[in-house]
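Let's walk through this structure together, one region at a time. Keep the viewer open and follow along as the text moves from place to place.

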Number of protein chains: 2
Amino acid sequence: MPKINSETRNRILKAAWQLLESNQGSGVRMSDIAKRAGVSRQAVYLHFETRLDLLVATTLYLDEVKGIDERLAPSRTAPDGRSRLTAFIDAWGNYIPEIYGVAKALMTLEATDIVAAEAWKGRMQAVRHGCAAAIHALERDGQLSTAYTVEQATDLLWVLLSVRSWEQLIRDSGWSQADYIDHMQTLAHAAFVR
Amino acid sequence: MPKINSETRNRILKAAWQLLESNQGSGVRMSDIAKRAGVSRQAVYLHFETRLDLLVATTLYLDEVKGIDERLAPSRTAPDGRSRLTAFIDAWGNYIPEIYGVAKALMTLEATDIVAAEAWKGRMQAVRHGCAAAIHALERDGQLSTAYTVEQATDLLWVLLSVRSWEQLIRDSGWSQADYIDHMQTLAHAAFVR
DNA sequence: AGTTTACTTGACATAAAGTCAAGTTGATAA
DNA sequence: TTATCAACTTGACTTTATGTCAAGTAAACT
């Protein structure tokens, strides 16, 4: 396998990203990506063993290019639990549309491929950690609703902020992104802050 | 195409149901269903044009066999909005695990097949109507939270009660069915009842 | 000059859905 | 009794995309 930081590899990742974004994650074949990157289909397999590997690598590439860590920083430095919850929903909720295409492609694989399911689950663990941090902060402030354990509240917030939920509200129900952020924050506060 | 109420047709539907349920909606091929029903693979295509048609027919078959209408009756006759919300979550939430296998198979198709996406969306409209009815009842009681319009609250409740959300909590996060019902009711009340 | 690395070319394997054409069988009707 | 018809069987074929394999090319390094 060629170098991990090769020119070609990056061109493939960029091509995958662009195609998945413009096609909303569906109908993008390995050959399409190869063509867009200006390499042969087999060159793609030289850098990524499977389509799944390529998709996972693309999400990591996006995280880096988009600077997800920096974007989550405000939520980590929030002074109290409530503002941390608000900031996290803002940061993550506004990140979803930027990665939706790639995420959707991974979720599609997830349905039939066990390995893909694990990979997607792994990627979503990062989001869960963010949820857990916000809930823990509430708990430390003595502001967590008594209706749930920390674990349960984390799981519920995680569901609320899942890509699936975003997808249903934005794409099926026609919500605007601004409404999504706004009402998710309201709902999360009503549910978890006492 | 053979009669709509044929013996063979029902055997196929039952076979599809049983296989999808025991395999949780994945890895069930047309040939598996045919084998289980004791007919040839082509006989299946004699009754159902495509796999999607078969899956949709299976959900309708299940709704009939399981008596979904009767099970939703208590929520329709609830005296006030709050109890209607509680009853609806109870009825629908406890129905999900019984149809999960078939639902999952449809959701898998949904990802790649536009026709399937429409079909699934259509089936889920019934659930949305239930959500809308509960929210409207709250509104009539003057008990709906002022944070949302009726439409928005309906959409949010719909997301909370989606099969995807159930799947994430029960299958990914390991919740018990009882906890799911319980906390969904709590959350919905906290979010929508003022 | 020889070897390695990255890539190309083109043929092949695989899986499952769906199609097609020709046959079988049992019931019904002339 | 024979003809017909609906329901079903049998088996071959098409399609689509992923992934594999083997052989070749071309530039860069040693």
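Start at the end of a helix in chain B: just after H9(B), B:Gly174 takes a positive phi of about 75°. Bear in mind as you look that this is a predicted model.

Now step back into the helix itself. Helix H9 of chain B runs over residues 163-172 and is mostly covered, with eight of its 10 residues buried. The buried ones are B:Val163, B:Arg164, B:Ser165, B:Trp166, B:Glu167, B:Gln168, B:Leu169 and B:Ile170. What lies over them? The cover includes elements from both chains: helix H8 (150-160) and helix H9 (163-172) of chain A, and, from chain B, helix H6 (81-112), helix H7 (114-140), helix H8 (150-160) and helix H10 (177-192).

From here it is a short step to the nonpolar interior. In soluble globular proteins, nonpolar side chains tend to be buried together. In this model the largest nonpolar core has 141 residues. Those with the most contacts inside this core are A:Trp92, A:Tyr180 and A:Phe192, along with B:Trp92, B:Tyr180 and B:Phe192. Take B:Phe192 as an example to inspect. Leaving aside residues up to four places away in sequence, B:Phe192 touches B:Ile135, B:Leu138, B:Gln143, B:Leu144, B:Ser145, B:Tyr148, B:Ala153, B:Leu156, B:Leu157 and B:Leu160.

A polar residue makes a good next stop. A:Thr58 is found in helix H4 of chain A, which covers residues 51-66. Is A:Thr58 buried or exposed? A:Thr58 counts as buried because its relative accessibility is 0%, and buried means under 20%. Setting aside residues up to four places away in sequence, the residues A:Thr58 touches are A:Leu13, A:Ala16, A:Trp17 and A:Val102.

The cysteines deserve a look too. A:Cys131 counts as buried because its relative accessibility is 0%, and B:Cys131 is likewise buried, with a relative accessible area of 0%. A disulfide is a covalent bond between the sulfur atoms of two cysteines. How many disulfides are there over all chains? The count comes to zero.

With those details in place, zoom out to chain A as a whole. Chain A has 10 helices and zero strands, so its pattern along the sequence reads α-α-α-α-α-α-α-α-α-α. The C-alpha trace of chain A spans about 60 × 35 × 30 Å along its principal axes. Of the 194 residues in this chain, 55% count as buried. Among contacts in chain A with a separation of 6 or more, 70% are between residues 24 or more positions apart.

Finally, turn to the DNA, beginning with strand C. Of the 17 residues around DNA strand C, A:Thr8, A:Ser40, A:His47, B:Gln42 and B:Arg51 come nearest. Sugar and phosphate make up 62% of the strand C atoms that come within 4 Å of the protein. Several side chains can be picked out by their distances to phosphate oxygens of this strand. An N or O atom in the side chain of A:Ser40 is 2.4 Å from one phosphate oxygen, while for the side chain of A:His47 the distance is 2.6 Å and for that of B:Arg29 it is 3.2 Å. The elements that give two or more residues to the surface near DNA strand C are H3 of chain A and H3 of chain B. The largest share, five residues, comes from H3(A). By class, this surface has six nonpolar, six polar and five charged residues.

Which residues come nearest to DNA strand D? Of the 17 around it, they are A:Gln42, A:Arg51, B:Thr8, B:Ser40 and B:His47. Of the strand D atoms within 4 Å of the protein, 62% belong to sugar or phosphate and the rest to bases. One base contact to look for is at A:Arg41, where a side-chain N or O atom is 2.9 Å from a base oxygen of strand D. Phosphate oxygens of strand D are 3.2 Å from an N or O atom in the side chain of A:Arg29 and 2.7 Å from one in the side chain of B:His47. Helix H3 (41-47) of chain A and helix H3 (41-47) of chain B are the elements that give two or more residues to the surface near this strand. H3(B) gives the most, with five residues.

Notes: Residues numbered from 1 in each chain as written. Chains lettered and ligands numbered in written order. Predicted model: local features only at pLDDT ≥ 70, side-chain atom pairs only at ≥ 80, totals over all residues. Heavy atoms only, no water. Disulfide = S-S within 2.5 Å. Buried < 20%, exposed > 50% of the residue type's maximum accessible area, 1.4 Å probe, protein only. Near = heavy atom within 4 Å. Polar contact = N/O pair within 3.5 Å; in protein donor to acceptor, adjacent residues only side chain to side chain. Helix = DSSP H or I, 4+ residues; strand = E, 2+ residues; numbered from the N terminus. Core = buried A, V, L, I, M, F, W, Y, C linked by side-chain atoms within 4.5 Å. Contact = heavy atoms within 4.5 Å. Nonpolar A, V, L, I, M, F, W, Y, C, P; charged D, E, K, R; others polar.
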